[in-house]
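This report describes the domain layout, the strand pairing and the DNA-facing surface of the entry shown here.

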Amino acid sequence: MDKLMKDSIENKPDPNKLLEWYDYNARAMPWRVPPKKRLKGVLPNPYHVWLSEIMLQQTTVASVKSYFIKFITKWPTIFDLANAKDEEIMGAWAGLGYYARARNLLKCARVIVKESDGEFPKASEALLKLPGVGPYTAAAIASIAYDIPETVVDGNVERVISRIFNIHTKLPKAKKELAFLAKQLTPTIRSGDYAQAIMDLGATICKPTSPKCNICPWVYYCVSNKAGTSEYLPRKSKKPIKQKRYGIVYFVERVDGAILTEVRPANGLLGGMLSLPSSEWGTSFTEDPPIEGTWELKNGLIKHTFTHFLLNLRIMHTTSDLNQPPKRGKFLSLDEFNPNNLPTVMKKVWKLIKY
DNA sequence: AACACGTGGTA
DNA sequence: TTACCAAGTGT
């Protein structure tokens, strides 16, 4: 253990300093009970906490807000959510990304309704067994919804902790060490506020670039601040470069105006989402039309970036008559077809088709 | 233990 | 434009 790190353990960050900062600087969010109210004993609705935490996985607060409002308006309780049809949930999630979250959301809601009368477990070990709930989310629900002292470790916390203790080990190798150190700092009181406070600190003060160390409530304890290394932490291993993939989307208009659609396979990329029929996305353009017809290539190429590859899509168009059965997919009338239910990549395709 | 899994914003 | 980032989980 180097000297700076030893100093920092002896000069352990005071959770109360962070909580005092949070009392005046907490960000307002639709799913959050502000610290002044929590101090009076008010806890948030566990359904809201769970829903927001699932939505917030790898997703910005700004993106989540409108989806959260839409979901609790359409499905005010977990019972409403559990009773919804799969297509409704997937359609409402469209555009938010990481669609396995929506599939697991519904699975989880149905488990909770069927097995515990709509009540969320409080213990993180039980929470951890739920679909879509991993170590972060289990700790977040336990602490934020029930004030149980569990330690949340998300990207914010990893950054804050790596800077406080001046940890130069690269992520993801450093994950265990950072989680251990984060746990050492976690207080046993005001657990929910503390969890939200350390994440707010990471989001607004201890930012990835240009951290505002001059107004940080923990700067006095921060080893990387003394060492002048905050800006370079946490260190991360390089990510592999993105490969290109190519695909063809088929726009089939029936004479009555109906449009040929397909639901993506339940697992994998965009699993369970409404889509326009498409070829596989591979290393070259490979034709695989969903219906017989005379095809015309549309002008314009759709480019879309996924997490691990770049996609180029060609669009082919044909019209079909009423008694021509498709090889795959389903015709939806214009009333039934809602382009807002498409994932973003397919919404891009639809826009190019329409305009 | 790596890798798959979306999207929109920012430097 | 490219690269990285944002309240991670499942396999």
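## Domain arrangement

In this predicted model, the C-alpha centres of domain 1 and domain 2 lie 37 Å apart. Chain A is divided so that domain 1 covers residues 3–232, while domain 2 covers residues 243–354. The contact between them draws eight residues from domain 1 and 11 residues from domain 2.

On the side of domain 1 that touches domain 2, at least two residues each come from helix H7 (86–93) and helix H8 (100–116). Helix H7 gives the most to this side, with three residues. By residue class, the side of domain 1 that touches domain 2 divides into four nonpolar, two polar and two charged residues.

## Strands pairing with E6

Strand E6 takes in residues 309–320, a range that falls within the bounds 243–354 given for domain 2. Strand E1 (residues 243–254) pairs with E6 in the parallel sense over 12 bridges, and within the pairing of these strands Ile248 stands opposite Arg314 in E6.

Two other strands pair with E6 in the antiparallel sense, namely E4 and E5. Strand E4 (residues 296–297) does so over two bridges, with Leu297 standing opposite Met316 in E6. Strand E5 (residues 302–305) is joined to E6 by four bridges, and here Lys303 stands opposite Asn312 in E6. A hairpin of three residues provides the connection from E5 to E6. As a general point on such elements, the side chains of a regular strand alternate between the two faces of the sheet.

## Surface near DNA strand C

DNA strand C is surrounded by 30 residues, of which the closest are Leu56, Gly134, Tyr136, Thr137 and Asp154. The surface near DNA strand C receives at least two residues from each of four helices, which are H4 (46–56), H10 (135–146), H11 (155–164) and H13 (191–204). Leu56, one of the closest residues, lies within the range of helix H4 (46–56), whereas Tyr136 and Thr137, also among the closest, lie within the range of helix H10 (135–146).

The ranges of these four helices fall within the bounds 3–232 of domain 1. In composition, the residues of the surface near DNA strand C divide into 13 nonpolar, 12 polar and five charged.

Technical notes. Residues numbered from 1 in each chain as written. Chains lettered and ligands numbered in written order. Predicted model: local features only at pLDDT ≥ 70, side-chain atom pairs only at ≥ 80, totals over all residues. Near = placed C-beta within 6 Å. Nonpolar A, V, L, I, M, F, W, Y, C, P; charged D, E, K, R; others polar. Pairing = 2+ DSSP bridges. Domains from an automatic or database assignment. Contact = placed C-beta atoms within 7 Å.
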